[in-house]
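Colleague: I am new to this structure and would like a close look at one part of it, with its surroundings explained step by step. Could you begin with a single position and work outwards from there?

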Amino acid sequence: MTSAEQKFIQIMKEITAYDEAISLIGWDLRTYIPKKGMDHRSDTIGLLSNKRNELKTSEKMKALIDQLKTENTTPVIKKSVEEAEREYEKFRSIPSQELTEFITLTSKSETVWQEAREKSDFSLLQPYLEKIVEFNKKIAEYRGYDNNKYEGLLDDYEPGLTIDVLDQVFGQLKTALIDLVKKINQSKVEVDSGLLLKHFPKDKQKSFSLAVLDKMGFDFDAGRLDETIHPFATGINPYDVRVTTRYDENDFRMAVFGTIHEGGHALYEQNIDPDLHQTLLADGVSMGIHESQSLFWENFVGRSRAFWESHFDLFKDHAPKSFEAIEFDHFYRAINEVKPSMIRIEADELTYSLHIIIRYELEKELINGDLAVKDLPEAWNQKMEDYLGIKPANDSEGLLQDIHWSAGDIGYFPTYALGYMYAAQLHAKMNDEIDIDNMIRLGDFEPLKQWLTENIHRHGKMKKPLDLIRDVTGEGLNPTYLIDYLTNKYTDIYQL
Ligand code: ZN
């Protein structure tokens with residue numbers, strides 16, 4: 001090993017040590033910290049993040065990148081150097097004074113957003129959002145883009161994806177979904193999710209969730225399950241991956257499907273190739289690919305007929321007596337009810353992507369100057385009516401429902417729907433090789449987990465998202481797999 005390689009490995013270890021510390025105290029901040037400890041803790045995270053970013057943008061790092069680019073080195077170091085350079089340029093592209101202003105602006109606007117949402121008054125947030133949009137336009141300019149300014153932002157979350165591709169796949173998906181929603185609205189089949197809303201004690205929900213997580217292949221010696229208000233999964237290091245969930249004693253769906261979802265994220269983090277540990281590559285490759293792993297387990301496994309055929313008895317063993325009389329078919333339909341609703345995070349798996357497409361179209365228009373912030377509420381409500389057939393009664397259940405824009409995150413939303421399309425495409429490919437439903441019916445998830453580890457998880461950040469998808473499935477992003485999956489599933493449930 002050359003001396004430059006040794007130094008580079010050492011600096012990566014330092015960076016990942018900061019990552020680990022930040023993730024661990026971040027997990028604590030969102031789970032068990034006493035209320036009074038929060039302020040100092042936020043300061044500590046900010047301080048450690050600065051230290052980490054100083055390392056990433058240091059002269060020492062720059063010199064190592066330049067030197068190693070000319071050396072003949074291992075594939076892991078070569079790719080890590082590419083990643084280090086990407087991050088170096090990302091942080092250096094924005095003048096630090098402007099970055100500090102932006103961070104101050106967004107932390108203030110998050111607080112204003114909470115008040116605006118409570119009062120359902122968009123005018124409170126409007127001046128902040130105007131500044132945030134202007135800042136993001138500048139960031140896009142600093143980062144650079146080929147054809148569309150919005151690409152300068154999207155690239156942060158889904159590297160390599162272009163607006164041309166996104167417009168095309170979202171366009172196809174939108175047409176198909178709007179059509180399906182219309183047909184479902186006209187269906188005579190009664191689906192009643194109300195029958196699920198029975199009291200279900202927290203400890204019993206937890207034991208069922210743990211049993212499912214165990215079957216998925218979650219390694220409890222390298223992770224744990226805890227409680228929080230806004231559930232998430234976090235890889236502190238690949239041998240310490242934590243899932244969090246929230247229990248609603250009157251609606252078990254939140255914890256059960258939430259745990260399966262976060263468990264899917266966790267399997268990704270737990271199964272990254274050990275050769276990548278303590279490098280810049282020991283992480284999910286993009287937000288979209290990460291979400292594909294959670295949605296694969298939550299929807300393609302957890303909401304499938306096969307899953308409930310084999311796990312309904314186990315479920316009833318944990319559930320109170322009041323669930324005993326529910327017939328299987330009613331139950332299966334109830335957990336798959338489609339009903340256009342105002343709130344994205346409560347949406348069913350079919351209408352969910354329409355919520356995302358609305359946000360994508362609007363934020364792209366904002367960044368390209370085709371829509372003014374002041375006109376946002378009207379544009380939002382119009383799209384809700386056009387795509388979902390419902391109109392928000394106020395801004396709280398309209399454009400004030402999500403924190404993302406007030407937190408400065410523009411370009412993030414598309415990744416949720418991308419994850420869904422990736423998941424469907426991977427599911428179709430896996431099904432060519434493994435009889436997935438049969439395995440699920442047997443309660444044997446190991447082949448599914450192994451397939452995902454082999455094709456996705458172990459690679460960490462070694463491949464770009466679209467290269468990863470192409471290598472596994474033999475083609476680029478293709479929305480027809482998701483459209484076919486949803487069409488087949490809901491044609492059966494609603495007898496379309
Ligand atoms: Zn997720």
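Modeller: A good place to begin is Q278, which has a relative accessible area of 48% and therefore counts as partly exposed, since the label exposed is kept for values over 50%. Please keep in mind throughout that what you see is a predicted model. Q278 lies in the loop that runs between helix 10 and helix 11, and its backbone deserves a second glance, for its phi is positive, at about 60°, although the residue is not a glycine.

The two helices on either side of this loop lead directly to the metal site. Three residues of the protein serve as donors to the zinc ion, namely H261 and H265, each through NE2, and E291 through OE, at distances of 2.1 to 2.4 Å. Read along the chain, these donors follow the spacing H-x3-H-x25-E. One pair among them connects distant parts of the chain, as H261 belongs to helix 10 (residues 253-270) while E291 belongs to helix 11 (residues 287-301), with their positions 30 residues apart. Both members of that pair are buried: H261 has a relative accessibility of 11%, and E291 has 12%, so each falls under the 20% that sets the limit for this label.

From the loop and the zinc site we can move along the chain to K461, which sits in the loop between helix 18 (446-455) and helix 19 (465-473). If its neighbours within four places in sequence are set aside, K461 touches K79, E83, L280, L281, D283, G284 and V285. K461 is buried, because its relative accessible area is 17%, which is under the 20% limit.

Other charged residues with positions close in number to K461 also form pairs. E454 and R458 meet through their side chains in a salt bridge, with 3.2 Å from N to O; E454 is partly exposed at 44% relative accessibility, and R458 is likewise partly exposed, at 30%. K463 pairs with D471, and here the closest N and O atoms are 3.0 Å apart. The two ends of this bridge carry unlike labels, because K463, at 23%, counts as partly exposed, whereas D471, at 52%, counts as exposed. Salt bridges with shared partners also join E83, R86 and K461 into one network, and E83 is one of the residues listed above as contacts of K461.

These pairs belong to a longer list, which comes to 34 salt bridges by the rule used here. Another of them links R224 and D226, with the closest N and O atoms 2.8 Å apart. Its partners also carry unlike labels, since R224 is partly exposed at 39% and D226 is buried at 5%.

For a wider view, consider how helices pass one another elsewhere in the model. Helix 9 (residues 202-216) and helix 12 (residues 305-318) have axes that come within 9 Å and cross at roughly 145°, and the crossing is right-handed. From helix 9 the contact takes in K204, S207, F208, A211, V212 and K215, and from helix 12 it takes in F307, W308, H311, L314, F315 and H318. Sorted by class, these residues are seven nonpolar, three polar and two charged.

A second crossing can be set beside that one. The axes of helix 14 (residues 352-367) and helix 15 (residues 376-388) come within 10 Å, again at roughly 145°, and this crossing too is right-handed. On the side of helix 14 the contact includes L354, H355, I358, R359, E361, L362, E365 and L366, which meet L376, A379, W380, K383, M384, Y387 and L388 of helix 15. The classes here are 10 nonpolar, one polar and four charged residues.

To return to the kind of residue with which we started, Q495 also has a positive phi, of about 50°, without being a glycine. Q495 is placed in the segment after helix 20 (480-494), and it counts as exposed because its relative accessible area is 58%, whereas Q278, at 48%, counts as partly exposed.

Terms used. Residues numbered from 1 in each chain as written. Predicted model: local features only at pLDDT ≥ 70, side-chain atom pairs only at ≥ 80, totals over all residues. Heavy atoms only, no water. Axes fitted to C-alpha atoms, helices over the stretch in contact; angles between N-to-C directions. Helix = DSSP H or I, 4+ residues; strand = E, 2+ residues; numbered from the N terminus. Left-handed = near helix turned anticlockwise from the far one by under 90°. Contact = heavy atoms within 4.5 Å. Nonpolar A, V, L, I, M, F, W, Y, C, P; charged D, E, K, R; others polar. Buried < 20%, exposed > 50% of the residue type's maximum accessible area, 1.4 Å probe, protein only. Salt bridge = Lys/Arg side-chain N within 4 Å of Asp/Glu carboxyl O. Donors = N, O, S within 2.8 Å, 3.2 Å for Na, K, Ca; no water.
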